[in-house]
Amino acid sequence: MLSIAERHKYILDKLNEYGFIRITDVAEELGVTKVTIRNDVKILESNGLLYKVHGSARLANPHIADRDLFTKSHLNKEAKQRIAHRAMQLINDGDAIMMSAGSTTYALAEAIHDNLSSYSLNVVTPFLKVSELLCDMEKVRVEQLGGRIHRKSYSTLGEGAEHTLDSVVCSKFFVGVDGIDPDFGITTSTIEEAKLSHKMMSCSSKIVVLADSSKFGQRGFGHIASLDEIDMIITDNGITKEMREMMENAGIELIIA
């Protein structure tokens, strides 16, 4: 049987390789009880070596704060552009699509603006910057959702935005997120944004999450939906092997841009 030091090394090695472990899996792999691994995790957390969440452990605190759009737009910019160009390939001439707020969805809007000028599209969004960018395209009709403006995201929120969606049906919803977690699904920074995104999901035939690999294992404050409600995730090649397997085992089509 492994010593405490050997178990701790095994746990940390796994975390460094995958960024995430499940207590049940480690207990089975080492042939010890879950209580033993929980105690090991508590000790490692007290030493600042990991962050414990229910049933699992991670290298860092998965909970993220609400950040403004300007800050987000400068994070992983190249990956977001690759994701956006791959997402653009899913759009057909004559499509009706929805787009949430977010730096990656704005990158998608830029790709549409620069490459799909001949397409006839209906675009529904709460995101003011997307509306501003696409409204000058001759064949694009933009439906700007109304409501109170959230300053950090430049997005409208509230009942006004949600009521408009009662009369809308779209083929695809491109949704940006702040976190993707195997246990908690997709999340964003605020409850109101999460509620609106979930409403937009109900009006769309296909749900496409646009998220760079840094979003995996993270959790925003507002829960949008569980993984079984998602059809596709487009991300970059920074996603870990374990997280990729978790997404695919959840029945999600995963595209690496």
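**Exercise 1. Determine how many residues helix α5 has, and which of its residues are buried.**

Solution. Helix α5 covers residues 77-88, which gives 12 residues. From the first C-alpha to the last it reaches 16 Å, close to the 16 Å expected at 1.5 Å a residue. The model is a predicted one, and burial is here computed from its atoms, with a limit of under 20% relative accessible area. The buried residues of α5 are Ala79, Lys80, Ile83, Ala84, Ala87 and Met88. In an α-helix there are 3.6 residues a turn, so residues three or four places apart point the same way.

**Exercise 2. State which element of the protein has the lowest mean pLDDT and which has the highest.**

Solution. Begin with the whole protein: the average pLDDT is 88, and 94% of the residues score at least 70. Among the elements, helix α4 (residues 69-73) has the lowest mean, 53. Strand β4 (residues 96-99) has the highest, 98. Where pLDDT is low, predicted coordinates should not be read in detail.

**Exercise 3. Describe the open sheet of seven strands: its order, its edges and the helix α6 that packs on it.**

Solution. The strand order is β6-β5-β4-β9-β12-β14-β15, and the pairing is parallel. At the edges are β6 (140-144) and β15 (253-256), each pairing on one side only. From one strand to the next, the twist averages 20°.

One pair may be examined further. Strands β12 (residues 204-210) and β14 (residues 232-235) are joined in the parallel sense by three bridges, and Leu210 has Ile234 of β14 as its bridge partner. Helix α6 (residues 103-115) packs on this sheet, where it touches β4, β5 (121-125), β9 (170-176) and β12. The direction of α6 makes about 145° with that of β4.

**Exercise 4. Locate Thr104, decide whether it is buried or exposed, and list its contacts beyond its neighbours in sequence.**

Solution. Thr104 lies in helix α6. This helix has 13 residues and reaches 18 Å between its first and last C-alpha, close to the 18 Å expected. Thr104 counts as buried because its relative accessibility is 3%, below the limit of 20%. Other buried residues of α6 include Ser103, Thr105, Ala107 and Leu108.

Leaving aside neighbours within four places in sequence, Thr104 is in contact with Lys80, Ile83, Ala84 and Leu210. Lys80, Ile83 and Ala84 are among the buried residues of α5, while Leu210 is the bridge partner of Ile234 in β14. Thr104 and Tyr154 are 50 residues apart in sequence, with their C-alpha atoms 14 Å apart in space.

**Exercise 5. Classify the crossing of helices α1 and α3, and name the residues that make the contact.**

Solution. The axes of α1 (residues 4-18) and α3 (residues 34-46) come within 10 Å and cross at roughly 75°. An angle from 65 to 115 degrees counts as roughly perpendicular, and α1 and α3 are therefore roughly perpendicular to each other. On the side of α1, the contact is made by Ile4, Arg7, His8, Ile11 and Leu12. On the side of α3, Thr36, Ile37, Asp40, Ile43 and Leu44 take part.

**Exercise 6. Describe the open sheet of three strands and its relation to α1.**

Solution. This sheet has the order β1-β3-β2, with antiparallel pairing. Strands β1 (20-22) and β2 (51-53) stand at the edges with a single partner strand each, so one side of each has no neighbour in the sheet. Neighbouring strands are turned by 20° against each other on average, direction ignored. Three bridges join β2 and β3 (residues 56-58), and Tyr51 stands opposite Arg58 in β3. Helix α1 packs on the sheet and touches β1 and β3, its direction making about 130° with that of β1.

Methods:
Residues numbered from 1 in each chain as written. Predicted model: local features only at pLDDT ≥ 70, side-chain atom pairs only at ≥ 80, totals over all residues. Heavy atoms only, no water. Helix = DSSP H or I, 4+ residues; strand = E, 2+ residues; numbered from the N terminus. Expected span 1.5 Å × (residues − 1). Buried < 20%, exposed > 50% of the residue type's maximum accessible area, 1.4 Å probe, protein only. pLDDT = per-residue confidence, 0-100. Pairing = 2+ DSSP bridges. Axes fitted to C-alpha atoms, helices over the stretch in contact; angles between N-to-C directions. Contact = heavy atoms within 4.5 Å. Parallel < 35°, antiparallel > 145°, perpendicular 65-115°, else oblique.
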